[in-house]
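Biologist: Could you take one part of this protein and walk me through it closely? I am new to reading structures, so a friendly tour would help.

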Amino acid sequence: MDIDIIQEHIPADFHDASKVWIYQSSRVFFMSEAFQLEEMFEQFVANWKSHGAPVKGYANLFFGQFIVIMADETATTVGGCSTDSSVRMIKEIEQKFNVQMFDRQMLAFIIKEKTQLLPLSQLNYAVENKFIDGDTLYFNNTVLTKKDLLEQWIIPVKDSWLGKRITLPV
């Protein structure tokens, strides 16, 4: 799995402090669905407004399973209604493709070159049975800015908030 591909697809002309929202799907989207998502993203970004002003926005699907939405607030600040419109799009995606996009208890890791999902409640079991260790790459979907997306989205478990919640073997 080439995690460096992120750099190639994030707009260079967006400020490092641009706001980021990451939504993780409960499954990988089919190719036909990904094409439909691309159209939805283009339409959303073209019409995204905050208090009537256009938002410099971006939306894309990564690794077939993660929707990344970004707003560069150097020109227009994104407020409640404009954020709500992005949430409405994600809810529409849930309905249209029969996926879950808001399950924050489901964690994603890269294991054997594939994205694998694991419920938070089974994390200790996975560590104890050596399915996951401190060097396992984790999708830290809590990043909030473009800079953090590029530097802190996919990181070893030991460097994430999970590293503080579990006992990793030395």
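Modeller: Happy to! We will set the scene with the whole chain and then look closely at one strand. Keep in mind that this is a predicted model.

The protein has five helices and nine strands, and along the sequence they follow the order α-β-α-β-β-β-β-α-β-β-α-β-α-β. Its radius of gyration is 17 Å, close to the 15 Å that the globule rule gives for 170 residues, so the protein is as compact as a globular protein of that length. The C-alpha trace spans about 55 × 30 × 30 Å along the principal axes.

Now for the close look, at strand S1, which covers residues 19–24. Is this strand enclosed or open? Buried here means under 20% relative accessible area. Five of the six residues in S1 are buried, so the strand is largely enclosed by the rest of the structure. For the protein as a whole, 45% of the 170 residues count as buried.

Which strand does S1 pair with? Its partner is strand S5, residues 66–72, and six bridges join the two. S1 and S5 run antiparallel. To find one pairing yourself, start at Lys 19: its bridge partner in S5 is Ala 71.

Contacts between residues far along the sequence can be counted for the whole protein too. Among contacts with a separation of 6 or more, 66% involve residues 24 or more positions apart.

Finally, step back to the outside: the accessible surface comes to about 9,600 Å², and 52% of that belongs to carbon and sulfur atoms.

Note on methods:
Residues are numbered from 1 along each chain as its sequence is written. This is a predicted model: local features need pLDDT of at least 70, side-chain atom pairs count only at pLDDT 80 or more; totals for chains, interfaces and linings use all residues. Side-chain values use heavy atoms; hydrogens and water are left out. Helices (H or I, at least four residues) and strands (E, at least two) are DSSP runs, numbered from the N terminus. The radius of gyration is taken over C-alpha atoms; the globule rule is 2.2 Å times the number of residues to the power 0.38. Buried means under 20% relative accessible area, exposed over 50%, partly exposed in between (1.4 Å probe, protein chains only). Contact means heavy atoms within 4.5 Å. Accessible areas come from the Shrake-Rupley method with a 1.4 Å probe; for residues, only the protein chains shown count as cover. Two strands pair if DSSP finds at least two bridges between them.
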